[in-house]
Amino acid sequence: MNKKLGNPGLMLVDLRPAAYPIAVIASHEIAEQISRASKLFPWSTSKSPTVNAFDRLIGSRSIIGRQGEEWKHLRKRFNPGFAPHHLMTLLPCILDKTRPFLEHLDGYAKTGDEFLLDDLTVNLTFDIISNVVMDVDFDAQHPGTTRQGDRNGLWWLRPRVEWHRHQIDSRLNQTLWDMIRQKYAEQKQQGVSQNLRSVLGLSLQGVDHLSDALIKDTGDQIRSFLFAGDDTTAILLGWIFYELSRTPAALKAVRDELDDIFGRDAVVVREKLVSREGEDAIRRMTFTSAVIKEALCLHPPAGTARRALPGSGFMVRTTQGEGLCLDGLLVVYNCANIIQRDRPAWRPFERGPRNCIGQELANIEARQFEVESELYSTRQITSKSIDGTRMRVQLAPRALVKPL
Ligand code: HEM
């Protein structure tokens, strides 16, 4: 659509009465005006009310949809758990979680069976995120653990499914609330050191009284982190594998770089990563980091939808100097897919005060793998491969993946 219209920086896609009209932003310069702090919007433009469609998943008090001072307070409370130096202390646990993933790949390499990479990467990233956020092991990668994917949005045609979801929702809340109570009690008993590992533990630091309201609020943030940090990172891994599989020169460069920094012995790799040299070794992974950045540039897994409050008179300016008034629009969508492919512009984690809190964690996770596969992209909440990333693997000289 954008190409057909002559690549405008902004296009209005009017889907009424099926959906709200959407201002699709296709230019980095205009996207910046949406995402940056301004006099009118000190923490950037407000989130679109379309975020509320995910309340069932992330809770109605999620940091993702909260605004103003409430959001600022939450961000301040949870930022320390996602700080790079803190995440580096969790590296041993992240590395442990990659072991079952590699064992699964080994198994498939031996049998030559086809499998869906998405199932493995989504379970891997879920195990990592739940450990980082709560210091809890759900063992999602354990054989026999299943996930039920249901992409049909017509819930009123399936009341039983909806009822089942409602029950799971209540159970999940109960489990999370119990867990928060338990972590808080442990922290009070044993002092802070035991619990400072996790994002949750750090966020409870200095809390004098754990009220019911705080428990529920914290539960929603945990749900949000599990949601925001799972599919997105799994999708990124899938695209990295795919792009490396069809770019042998890049694959070789990644391997050469990793061999040079870590050698080929898996035990030594682990030791080096968790040692004092670890941070320096990661800093030296320049080509590997570039591959991750390029995959995020070509295939951004997420985006942002904002709104221009009615009566705010919110205007954006095109590079030609034309002023466009977005006042009252409920969906203003920074479309990274267009923006990042058009000219050099990089905003997969968005920019400004509402940028991604988990970007460093995603980067740490992404620096680990190399495989080959074949996939196509379709757009859902996040941009996901259409076939679950069906693939085969074979071992040689590291795990090599054959597209089907
Ligand atoms: C490749 C992986 C990831 C990508 C591409 C990504 C992308 C994004 C984007 C584009 C936003 C802005 C959304 C908006 O403005 O509405 C965002 C926000 C957010 N992300 Fe990520 N994300 C990734 C991984 C993670 C991880 C691992 C976490 C872990 C907790 C996470 C947690 C969040 C949260 C909580 C927000 C809301 C921040 C706020 O409003 O203050 N994300 N992410």
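Strands β2 and β7 run parallel to each other and are joined by four bridges. In this predicted model, β2 covers residues 22–25 and β7 covers residues 331–334. Within this pair, alanine 23 of β2 faces valine 332 in β7, and isoleucine 25 stands opposite asparagine 334 in β7.

The two strands belong to an open sheet of four strands, in the order β1-β2-β7-β4 and with mixed pairing. The edges are formed by β1 (10–13) and β4; each has a single partner strand, so one side of each is left without a neighbour in the sheet. From one strand to the next, the twist averages 25 degrees. In general, strands of a sheet pair through backbone hydrogen bonds, in either a parallel or an antiparallel sense.

On the β1 side of the sheet, β1 and β2 run antiparallel and are joined by four bridges. Leucine 10 stands opposite isoleucine 25 in β2, and isoleucine 25 in turn stands opposite asparagine 334 in β7. A residue of β2 can thus be followed across to β1 and to β7. At the other edge, β4 and β7 pair in the antiparallel sense over three bridges. Here threonine 304 stands opposite asparagine 334 in β7.

Two backbone features belong to the region around β1. In the segment before β1 lies asparagine 7, a residue other than glycine with a positive phi, near 55 degrees. The loop between β1 and β2 contains proline 17, which is joined to arginine 16 by a cis peptide bond with omega of about 5 degrees.

Strand β4 also leads to the ligand. Threonine 304 stands opposite asparagine 334 in the sheet, and Thr304 is also one of the residues that come nearest to the ligand, together with Trp71, Arg75, Arg354 and Cys356, out of 28 residues around it. At least two residues of the shell are supplied by each of α3 (68–78), α9 (212–245), β4 (304–306) and α15 (359–366). The largest share comes from α9, with six residues. Domain 1 (1–65 + 303–347) and domain 2 (66–302 + 348–403) each contribute at least three residues to the shell. By class, the shell has 16 nonpolar, seven polar and five charged residues.

What is the protein donor of the iron atom of the ligand? The only one is the SG atom of Cys356, at 2.3 Å. Cysteine 356 is located in the loop between α14 (336–342) and α15, and α15 itself supplies at least two residues of the shell.

Oxygen atoms of the ligand also have polar side-chain atoms of the protein beside them. For arginine 75, a polar side-chain atom lies 2.7 Å from a ligand oxygen, and for tryptophan 71 the corresponding distance is 2.8 Å. Both Trp71 and Arg75 are among the residues that come nearest to the ligand. In lysine 47, an N or O atom of the side chain is 3.0 Å from an oxygen atom of the ligand.

How values were computed. Residues are numbered from 1 along each chain as its sequence is written. This is a predicted model: local features need pLDDT of at least 70, side-chain atom pairs count only at pLDDT 80 or more; totals for chains, interfaces and linings use all residues. Side-chain values use heavy atoms; hydrogens and water are left out. A residue is near a molecule or strand if one of its heavy atoms lies within 4 Å of it. A polar contact is a pair of N or O atoms within 3.5 Å; within protein, one must be able to donate a hydrogen and the other to accept it, and residues adjacent in sequence count only if both atoms are side-chain atoms. Ala, Val, Leu, Ile, Met, Phe, Trp, Tyr, Cys and Pro count as nonpolar, Asp, Glu, Lys and Arg as charged, and the others, Gly among them, as polar. Domain bounds come from an automatic or database domain assignment. Donors are N, O and S atoms within 2.8 Å of the metal (3.2 Å for Na, K and Ca); water is not among the atoms, so sites may look incomplete. Two strands pair if DSSP finds at least two bridges between them. Axes are lines fitted to C-alpha atoms, for helices over the stretch in contact, and angles run from 0 to 180 degrees between N-to-C directions.
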